[in-house]
Amino acid sequence: MRELARRIDAATPPGRDRALDALRALAILGVVLGHWLVTALVADSGSLRVESPLGRMPELTGVSWVFQTLAVFFLVGGLVAARGHAAARARGESHRRWTAARLARLFRPVPPLLAVWTAASAVMLACGVPWQTLWTLGKLVLSPLWFLLVLAALTAATPLVARVHPLWPLAVVLHVDLVRFGLDGPDWLGWINLPAGWLVPYTLGALVARRGTPTPGVAWTLLLGGATATGLLVAFAGYPGSMVGVPGAPVSNLNPPTLAAVTFGLAQCGAAVLLLDPLRRALRRPRAWAAVALLNLGALTVFLWHQTAMIAVTTGGLFTARLLGRPPLPGLHTLPDGPTWILARLGWLLLFACALLVCRAVFHPYERTHTARAPKPRPDSGKETRHA
């Protein structure tokens, strides 16, 4: 492991901003752990349905504030895209070619996921699995794709939106919510916030790319101002306290994004900016950087397959329990209605992680390119091969 860390460190271009990779890795871990902790597949009347511990234990609402990290994804995405597009223009590369390369990188791991689940669905149908179960599992598996679609649209529009100030899309979200909630406007109006809401952190990232890292004062203003605004909206404006969707709740902060989700994202962006310098110092150590680099090499695979890993463990455990004549397993197939479920669920996380590692090992090659492979020393030389 020490030798691998040394090789990865030596192969990393000197100008790479390692802190951005660390922020992306933290965001991925937040999404994965958040889904695993707040999504329960309950065995009921021969089928599986989704329940959330946040619906039955509202005192856990604060957990969603820790693991809802999507704004950090878009912040880093906007920053990297703006820098990448500027560099492409400087070397004479067309916008079409740059966009095609970026989108190919985003969607390369998607076809294997769709192929596997198409085949799995056909097998389950042939075996008599109820439609309700198939619908439940399909929604969980495909839910990460909305993020890729929104990120792809914003990436393709980078030349148009890179110079938009974040206050403009924030104003759009504010007015949409005023009409939707304050004036009893139609629910479909909220979907305007799907691009507008995530444009706020994306354009903020582009702004950082143009002007450099904000001062600590600006970052603290984003953090404290965003957190205060979110708290006030939840306490006095009727917004849900949970920053993730809760099955059965009348309003979701994410589906589509609300003003509370956007102000919360601004607070996250402020915290992310404050973390940049500490992360840069910490990632000078080869072992710390190797862990971040390895996760980022398979970031999309982890993101797309983490729900499948949870489903595989859950359905496998259910099949085994029924085969042995055992009751549903606590924390895996039972209602998330108390501390016992929480403790049991924490115990299952390790098995979820093992299943995800298997998925990563099998499907990571579909994400890799010839420039993303780990460096290998030449057999006839002690020199390391450097990759761009």
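**Figure 1. Helix H8 and the elements that cover its buried residues.** In this predicted model, helix H8 spans residues 131–142 and comprises twelve residues. The distance from its first C-alpha to its last is 16 Å, close to the 16 Å expected at 1.5 Å a residue. The buried residues of H8 are Thr133, Leu134, Thr136, Leu137, Leu140 and Val141. They lie on the same side of H8, because the arc they cover around the axis is only 165 degrees. The face turned away from this buried side carries Trp131, Trp135 and Lys139, which are exposed. The cover over the buried residues of H8 includes strand E1 (40–44) and strand E2 (47–51), together with H7 and H16.

**Figure 2. Helix H6 and its helical surroundings.** Helix H6 is formed by residues 95–107, 13 residues in total. Its reach from first to last C-alpha is 18 Å, close to the 18 Å expected at 1.5 Å a residue. Within H6, Trp98, Thr99, Arg102 and Leu106 are buried. Their arc around the axis is only 95 degrees, so they fall on the same side of H6. Arg96 and Arg97, on the other side of H6, are exposed. Among the elements that cover the buried residues of H6 are helix H5 (70–90), helix H7 (110–126) and helix H9 (145–156). Helix H10 (158–161) and helix H16 (299–323) also belong to this cover.

**Figure 3. A nonpolar surface patch with residues from helix H2.** Leu26, Leu29, Leu33 and Leu275 make a nonpolar patch of about 310 Å² on the surface. Helix H2 (residues 18–38) gives the most to this patch, contributing three residues. Leucine 29 is situated in helix H2. Leucine 29 counts as partly exposed because its relative accessibility is 43%, a value between the limits of 20% and 50% that bound this class.

**Figure 4. A salt bridge within helix H1.** Side chains of opposite charge can pair when their charged atoms come close. Here a salt bridge joins the side chains of glutamate 3 and arginine 6, with an N to O distance of 2.7 Å. Both residues lie in helix H1 (residues 2–11), where glutamate 3 and arginine 6 are three residues apart, about one turn of the helix. Glutamate 3 has a relative accessibility of 40% and therefore counts as partly exposed. Arginine 6 is likewise partly exposed, its relative accessible area being 37%.

**Figure 5. Two salt bridges that each include a buried residue.** Between arginine 18 and aspartate 9, the closest N and O atoms of the salt bridge are 2.9 Å apart. Arginine 18 is buried because its relative accessible area is 16%, under the 20% limit. Aspartate 9 counts as partly exposed, at 23% relative accessibility. In the second pair, glutamate 51 forms a salt bridge with arginine 56, and the closest N and O atoms are 3.5 Å apart. Glutamate 51 has a relative accessible area of 15% and is therefore buried. Its partner, arginine 56, has a relative accessibility of 41% and so counts as partly exposed.

**Figure 6. A network of salt bridges.** Salt bridges link Asp17, Arg83, Asp277 and Arg280 in a network. The count of salt bridges comes to ten.

Notes
Residues numbered from 1 in each chain as written. Predicted model: local features only at pLDDT ≥ 70, side-chain atom pairs only at ≥ 80, totals over all residues. Heavy atoms only, no water. Helix = DSSP H or I, 4+ residues; strand = E, 2+ residues; numbered from the N terminus. Expected span 1.5 Å × (residues − 1). Buried < 20%, exposed > 50% of the residue type's maximum accessible area, 1.4 Å probe, protein only. Arc of directions from axis to C-beta. Contact = heavy atoms within 4.5 Å. Patch = residues over 30% accessible without salt bridge, like charges linked within 9 Å, V, L, I, M, F, W, Y side chains within 5 Å. Areas by Shrake-Rupley, 256 points an atom, 1.4 Å probe, with all protein chains shown as cover. Salt bridge = Lys/Arg side-chain N within 4 Å of Asp/Glu carboxyl O.
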